[in-house]
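Got the model loaded and a selection tool ready? Here's a short walk through it, stop by stop.

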Amino acid sequence: MDAAARVVARKGFAGASIDDIAGEAGFTTGALYANFASKDELFVEMLSSRGRDRLAESTDIVSGHAQSVEDTKAGLNKLLSNVADGDADLAPLQAEFWVYAAGRPDLQGHLAAQFRSNRDSLSTTLARRAATRGQPEDAPFDDVATVLLALFQGLVQLRRTDPDLVSEDLYGTAAGWLMTGMNRQAGHGT
């Protein structure tokens with residue numbers, strides 16, 4: 001996966017061949033094909049794997065393991081900074097894949113299914129957190145999870161482009177605004 005990320009980051013999705021990726025990974029082309037049917041499948045799994053890792057981290061932060069709202073905000077801020085500042089290959093890979101997938105309904109469907117799966121997992125975590133904290137359990141958790149995921153993606157891209165626009169505490173603060181608004185909409189205050 002890491003070898004594929006490096007090759008695609010250097011050559012672009014269209015320019016990266018299975019031979020290049022296998023060579024970078026120290027495998028034969030046959031070994032790569034034994035695990036993945038195509039370059040598309042490899043690329044989808046590579047992005048999915050990175051997305052699952054980030055989702056697991058964010059779910060752990062939001063699930064209530066943090067002792068306070070401030071701890072949750074700090075954890076979300078750290079996650080955003082780590083992804084934006086530490087995974088330099090991810091943004092070009094995502095952009096490259098989005099462009100490639102734009103003309104491929106099968107890949108668009110995969111991206112939509114992956115986002116929905118991530119959204120559903122985060123939505124369930126938000127609902128559990130609300131229940132354990134005595135907050136509204138009928139809030140629009142799917143919508144909130146969609147916005148949190150989209151906000152994360154957008155702020156990561158913006159921080160990579162212009163770090164001064166995305167302060168160290170912006171994501172956690174914005175997530176807090178969203179949660180406060182959700183609670184007020186449900187008529188239960190903050």
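**Getting your bearings**

Read from the start of the sequence, the pattern goes α-α-α-α-α-α-α-α-α. That is 9 helices and 0 strands, where helices (H or I, at least four residues) and strands (E, at least two) are DSSP runs, numbered from the N terminus. This is a predicted model, in which local features need pLDDT of at least 70 and side-chain atom pairs count only at pLDDT 80 or more, while totals for chains, interfaces and linings use all residues. Residues are numbered from 1 along each chain as its sequence is written, and side-chain values use heavy atoms, with hydrogens and water left out.

Zoom out to the C-alpha trace: along the principal axes, those atoms fill a box of roughly 60 × 35 × 30 Å. Of the 190 residues, 40% count as buried (under 20% relative accessible area, with exposed over 50% and partly exposed in between, using a 1.4 Å probe and protein chains only). Among contacts (heavy atoms within 4.5 Å) between residues at least 6 apart in sequence, 61% join residues at least 24 apart.

**Stop one: the largest pocket**

Select Arg-54, Gln-94, Phe-115, Asn-118 and Gln-153: of the 26 residues lining the largest pocket, these are the closest to its centre. The space here comes to about 560 Å³. On a 1 Å grid over the protein atoms alone, a pocket is an open set of points with protein on both sides within 12 Å along at least five of seven lines, a cavity is a set where a 1.4 Å probe fits but cannot get out, and lining residues have an atom within 4 Å of a point. Grid points are joined across faces, edges and corners, and a volume is the space filled by probe spheres set on them.

Now colour by class and you'll get 16 nonpolar, 7 polar and 3 charged lining residues (Ala, Val, Leu, Ile, Met, Phe, Trp, Tyr, Cys and Pro are nonpolar; Asp, Glu, Lys and Arg are charged; the others, Gly among them, are polar).

**Stop two: the enclosed cavity**

Keep Arg-54, Gln-94 and Gln-153 on screen, as they are among the residues lining the largest cavity. Add Val-83, Leu-90, Phe-152, Val-156 and Arg-160 to complete that lining. The volume is about 40 Å³, and a search of the whole structure finds 1 cavity of 30 Å³ or more. Helix α8 supplies the largest share of the lining, 4 residues.

**Stop three: the aromatic pair**

From Phe-152, bring in Tyr-171: the two rings sit edge-to-face, 5.4 Å centre to centre with 70° between the planes. (Rings of Phe, Tyr and Trp, the last by its six-membered ring, pair if their centres lie within 6.5 Å; planes under 30 degrees apart are stacked, over 60 edge-to-face, the rest tilted.) The structure holds 1 such pair, and both Phe-152 and Tyr-171 are buried.

**Last stop: α9 and the second pocket**

Tyr-171 puts you on α9, whose buried residues also include Ala-175, Gly-176 and Met-179. Show α5, α7 and α8 too, since the buried residues of α9 pack against them.

Which residues lie nearest the centre of the second largest pocket? Select Val-69, Arg-129, Ala-175, Gly-176 and Met-179, out of 17 that line it. Its volume is about 320 Å³, and α9 gives the most to the lining, with 6 residues.
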